[in-house]
Amino acid sequence: EFRQRFLLLLTDVEVALFGQAYSFKNDHQTIRVSPDGLYSLIETDLYLQTDLDILRATVFSAFEKMQHHLRQTTIDVNKSMQVKANLRESLLQRAWQLMLFISVVTAILFLLVSARILKVIRTQIQAIQNANQKLSSQTNDLLESEESLREKQSQLEYLSSSLLTAQEDERQRVAYGLHDEMGQSMTALKLQVRSLVRSLGEPIPALVEKKCQGLFQSIKEIIESVRQLSKDLSPAILVDLGVEEALINLLTTFDELHQAEVTYDLHAIYLLTNLNTQRNVYRIIQELLTNISKHARAEKIRLEVNKGEGQLTISMTDDGCGFEVAQVRESKKAEKGMGLSIIKERVRIMGGELDITSSVGHGVQVVFTVPIA
């Protein structure tokens, strides 16, 4: 409070002396003015005029300096802009020259590479055209060869079929010859021996009787062999009673001769109505039985005929010693014999497929198909 009063008193003294004073109240500054100061208004005006002149001179001087600096700055800026413009123009000119050079070099390289590529392409096109011409010529030759091969294959198939047909006809002729001529001759020989025995009268010497009985037995065995050979060459039962009875007779005879257990299921074989197809099926089974008797040493044999869609599937299985199928196929024809080749050819003639499955010690399974109407 004392401080506040002292400050007010000091302010009043300043106002009385100088006509104005600064006072502080609550940290705020205020100016107090009074016309009753000790200095006159003229002096105040003088001071103000002097300050105004000084201020004007200072302002003019500052304005001159500012104007000078502004002109100098303008000159410097213009120079700098001119330098930068010249530099930019120089850089642009160099860039344009570089781009022009790159464009020219690129164009030249492109033309060179294009010419090289076109040359290579022309060479390759020419090579392709030559290869096409050569290939076309080879294709024509191949087509001609294929056509010729197809004709020869057709001729071969026809000859093969004709050969088998001729073979069957020849077998039939030989069988009839054996049955008619050989059989009749042996029967006549038998009658002649019997007539000779009767002409000897009674009593017949024991030695002569024994020799005649041996002769009768030999003639009987020869007649039976001729009958069996005639049956094997051309079984009359095949024509007379059909393929089923012929196969049953074939299997039964094999069973009796080789003491093997032969089973069969032929209920669908009656669907084979074509005589040539029946002959081929009979010959295939006959050939398989022959192979079994020669090589397999089998104890059990199974023949089965099943009807499928548009075909018969005929399967023959044995428990013999077996063989390696691949090894037999790769062996020479002279080594593997004609049996499998003839079987394969007969199946092909009938339009079927053949499959042989076997391994050493595990028997053989032969399956072939026969198309039916």
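**Loops, helices and strand pairs in a predicted chain**

R297 counts as exposed, because its relative accessibility is 68% and the cut-off for exposed is over 50%. The model is a predicted one. R297 sits in the loop between α6 and β4. Its phi is near 55°, a positive value in a residue other than glycine. Most residues other than glycine have a negative phi. R297 is a useful place to start, but first comes the whole chain.

The chain has 373 residues, and 22% of them are buried. Its secondary structure comes to nine helices and seven strands. Contacts between residues at least 6 apart in sequence can be split by separation: 59% of them join residues at least 24 apart. The mean pLDDT is 78, and 73% of the residues reach 70 or more. Residues 38-42 fall below 50 in pLDDT. Beyond near neighbours in sequence, that stretch has four contacts in the model.

Now to the helix α5, residues 243-258. α5 has 16 residues. From first C-alpha to last it reaches 22 Å, close to the 22 Å expected at 1.5 Å a residue. Which residues of α5 are buried? They are V243, A246, L247, L250, L251, T253 and F254. Seen down the axis of α5, these buried residues fall within an arc of 160°, so they line one face of the helix.

Q259 follows α5. This residue lies in the loop between α5 and β3. Its phi is positive, near 50°, and Q259 is not a glycine. Is Q259 buried or exposed? It counts as exposed, because its relative accessibility is 64% and the cut-off is over 50%.

The path then enters β3, residues 261-265. β3, helix α6 (residues 275-296) and β4 make a β-α-β unit. The unit is left-handed. Strand β4 covers residues 300-307. β3 and β4 run parallel, joined by five bridges. Within this pair, T263 stands opposite R302 in β4. R297, with its positive phi, belongs to the loop that links α6 to β4.

Helix α9 comes next in this tour. It holds twelve residues, 339-350. How far apart should its ends be? At 1.5 Å a residue, the expected span is 16 Å. The end C-alpha atoms are 17 Å apart, which agrees. The buried residues of α9 are G339, I343, R346, V347 and M350. They cover an arc of only 100° around the axis, so they lie on the same side of α9. Just after the helix, G351 takes a positive phi of about 85°.

Last comes a hairpin. Strand β6 takes in residues 354-358, and strand β7 takes in residues 364-371. How do they pair, parallel or antiparallel? They pair in the antiparallel sense, over five bridges. S358 stands opposite V364 in β7. Five residues lie between the two strands. One of the hairpin's residues, G361, takes a positive phi near 85°.

Two points are worth checking on screen. One is the buried face of α5, an arc of 160°. The other is the buried side of α9, an arc of 100°.

Key: Residues numbered from 1 in each chain as written. Predicted model: local features only at pLDDT ≥ 70, side-chain atom pairs only at ≥ 80, totals over all residues. Heavy atoms only, no water. pLDDT = per-residue confidence, 0-100. Contact = heavy atoms within 4.5 Å. Helix = DSSP H or I, 4+ residues; strand = E, 2+ residues; numbered from the N terminus. Expected span 1.5 Å × (residues − 1). Buried < 20%, exposed > 50% of the residue type's maximum accessible area, 1.4 Å probe, protein only. Arc of directions from axis to C-beta. Pairing = 2+ DSSP bridges. Right-handed = clockwise from strand over helix to strand, strands pointing away.
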